[in-house]
Amino acid sequence: HLATSLPLPSERDHLRPRIDLIVFMIDIKSKYSLKNVEASLAHVDASFFLGKVCFLVTGVGRVNACSIETNAVCKLGEAYCSPVLFCELELEGIRVATAQRLLRMLQICAGHIRGVSALSFVSLMRNANDD
Amino acid sequence: MDETVAEYIRRTVLKIPRDEIKTMLQKWGFLSEAQLQTLNFHQIKDNISQEVVQLCEENCADIKQAAVLDIIYNHIYQNKRMWSVYQMKKSGEELEYFDITDFKKKFKGRLRSALKNVTITFKEYEDNAIWIRVAWGTPYKKPNQYKPSYVVYHSQTPYVFISASVLKSNLPLLCQALIVASNYHDIREMELRSHSLNSLKDIVFKRYSQNFQTYYPKPLQGGNVEPESADIRIVQENRSEKERIHRLNWEVFGGGPQPKLEFAQYKLETMFKSDPKMGVLDKKEPFRCLVKFSSPHLLESLKSLAPAGMADAPLSPLLTCIPHKARNYFKIREKKGLFPESFVSP
């Protein structure tokens with residue numbers, strides 16, 4: 001499901017399945033996109049932040065066009081205890097690899113992978129980043 | 001043949017891309033087809049231009065013919081120049097028959113009576129456009145052929161498009177000659193400039209697709225924003241919002257291509273409004289600020305702002321009024337009175 005911001009329009013509530021993973025996409029070229037994500041985060045139920053939220057920063061290939069500091073996004077990820085992924089959608093290889101990563105995360109969050117829960121996975125990712 | 005004319009022709013030919021030289025010389029018509037056959041268009045441009053100059057020498061070309069070649073070049077490459085739009089006003093409602101010979105005579109007469117050293121060349125095109133090239137001199141110097149002004153006048157309209165040379169001091173004289181020749185009594189510069197001459201014409205002749213506000217907007221192609229081939233596994237949560245934006249955009253910009261402008265400039269002379277406690281300025285002075293939007297195609301990029309999620313729809317009327325108001329330079333001042341909102345000065 002694609003949405004431009006949260007909260008989701010209530011008229012579609014009855015059509016929506018259970019939400020397993022929320023990926024907040026931040027375009028590194030647009031300060032507006034970061035503001036939009038920050039505003040939308042306020043509408044997310046706390047239980048999602050136990051591994052069912054992820055930040056995806058796009059457009060990192062165009063170094064000259066960065067409007068947001070990666071520091072700011074990393075701090076956001078820390079504040080909400082959620083992983084931050086960086087990618088460049090314009091490159092097919094990276095696009096496909098990122099999609100595969102997200103899909104893997106989604107499988108875990110939906111409970112399809114035995115022995116790994118969303119929470120255990122996200123703390124695994126966090127520990128890896130700290131190194 | 002005069003050396004300066006030879007040099008001018010040589011330099012003009014050098015400007016033309018090699019593949020276009022033959023066609024342009026044919027359009028010029030000064031060299032015969034037989035002469036053109038003798039030219040080798042596969043050598044380097046330096047040599048081509050030298051050969052052209054030699055042929056022109058044989059035909060005893062003078063500055064008048066050279067100027068026609070220059071008009072032809074600038075007509076084809078008109079988008080290399082910056083054009084301003086001027087509007088002329090008639091004193092009465094007399095419908096006068098336009099006589100091109102009379103126009104030319106009066107124009108030349110007016111200019112020459114003020115300035116002896118000018119080169120004036122006319123060329124008419126099929127779309128009723130009269131192209132005028134003026135090379136300016138001084139009472140003591142011959143005209144500078146390398147910095148001419150170009151004027152495009154559509155005789156059935158009160159609009160004139162001018163690409164002035166750097167010497168702005170000649171502009172009033174040029175304007176005067178135009179109104180005298182065309183039997184108007186006044187001319188004013190519009191706040192509308194662009195490289196794309198055709199787009200300027202589209203705007204003032206209202207040839208672009210405007211949208212007229214309807215109270216019963218028709219659904220566009222079934223009201224679908226996404227093409228039918230989109231993956232059905234993707235669900236757009238904000239479809240109704242997307243459709244609203246699409247509809248608003250269509251109402252403002254219409255369905256067709258937008259005229260091509262490269263920038264919009266807003267000169268602000270408004271008071272800085274802030275929290276009184278912040279007290280940024282001690283005195284209540286107007287805050288002078290210039291905001292300039294640039295783009296290879298400004299109106300198309302404005303049109304795509306809301307659908308791309310980079311701006312809220314509807315866009316500010318200051319941006320969307322550009323084609324309707326036929327201007328891309330604005331001065332915004334404080335409105336004095338009961339409602340201190342900014343307004344756009346004429």
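## A charged pair in chain A

D27(A) has a relative accessible area of 25% and therefore falls in the partly exposed class. The model that gives this value is a predicted one, and what follows should be read with that in mind. The side chain of D27(A) is joined to that of K29(A) by a salt bridge, with an N to O distance of 3.4 Å. K29(A), the partner in this pair, is likewise assigned to the partly exposed class, at a relative accessibility of 31%.

## A salt bridge within chain B

Chain B supplies a further example, in which the side chains of E124(B) and K104(B) meet in a salt bridge at 3.0 Å, N to O. Because E124(B) belongs to strand β2 (residues 118–124) of chain B, while K104(B) belongs to helix α6 (residues 100–114) of chain B, the pair ties together parts that lie 20 residues apart in sequence. With a relative accessible area of 42%, E124(B) is partly exposed, and K104(B) is also partly exposed, at 22% relative accessibility.

Over all chains, the count of salt bridges comes to 20, and the pairs D27(A) with K29(A) and E124(B) with K104(B) are among them.

## The link between the chains

Another salt bridge brings together the side chains of E237(B) and R16(A), at 2.8 Å from N to O. This pair crosses between chains: E237(B) is placed in the loop between α8 (197–204) and α9 (239–253) of chain B, and R16(A) in the segment before β1 (22–27) of chain A. Which class of accessibility do E237(B) and R16(A) fall into? E237(B) counts as buried, with a relative accessibility of 3%, and R16(A) is buried as well, with a relative accessible area of 18%; the cut-off for this class is under 20%.

The pair does not stand alone, since R16(A) and E237(B) are linked with D13(A) in a network of salt bridges.

## The interface as a whole

How many residues of chain A are in contact with residues of chain B? Eleven residues of chain A touch nine residues of chain B. Between them, chain A and chain B bury about 940 Å², of which 44% is on carbon and sulfur atoms.

The count of salt bridges between chain A and chain B is one, and R16(A) and E237(B) form such a bridge, their closest N and O atoms being 2.8 Å apart. Five residue pairs are found in polar contact across the interface of chain A and chain B, with both residues at pLDDT 80 or more. On the side of chain A that touches chain B, the residues divide by class into five nonpolar, three polar and three charged.

## Cysteines without a disulfide

The number of disulfides over all chains is zero. Why does C66(A) not form a bond with C74(A)? The closest cysteine sulfur to that of C66(A) is in C74(A), at 12 Å, which is too far for a bond, given that a disulfide requires sulfur atoms within 2.5 Å. For C74(A), in turn, the closest cysteine sulfur is that of C54(A), and here too the distance of 12 Å is too far for a bond.

As for their surroundings, C66(A) counts as partly exposed, at 37% relative accessibility, and C74(A) is partly exposed with a relative accessible area of 32%.

How values were computed: Residues numbered from 1 in each chain as written. Chains lettered and ligands numbered in written order. Predicted model: local features only at pLDDT ≥ 70, side-chain atom pairs only at ≥ 80, totals over all residues. Heavy atoms only, no water. Buried < 20%, exposed > 50% of the residue type's maximum accessible area, 1.4 Å probe, protein only. Salt bridge = Lys/Arg side-chain N within 4 Å of Asp/Glu carboxyl O. Helix = DSSP H or I, 4+ residues; strand = E, 2+ residues; numbered from the N terminus. Contact = heavy atoms within 4.5 Å. Buried area = accessible area lost by both parts, 1.4 Å probe. Polar contact = N/O pair within 3.5 Å; in protein donor to acceptor, adjacent residues only side chain to side chain. Nonpolar A, V, L, I, M, F, W, Y, C, P; charged D, E, K, R; others polar.
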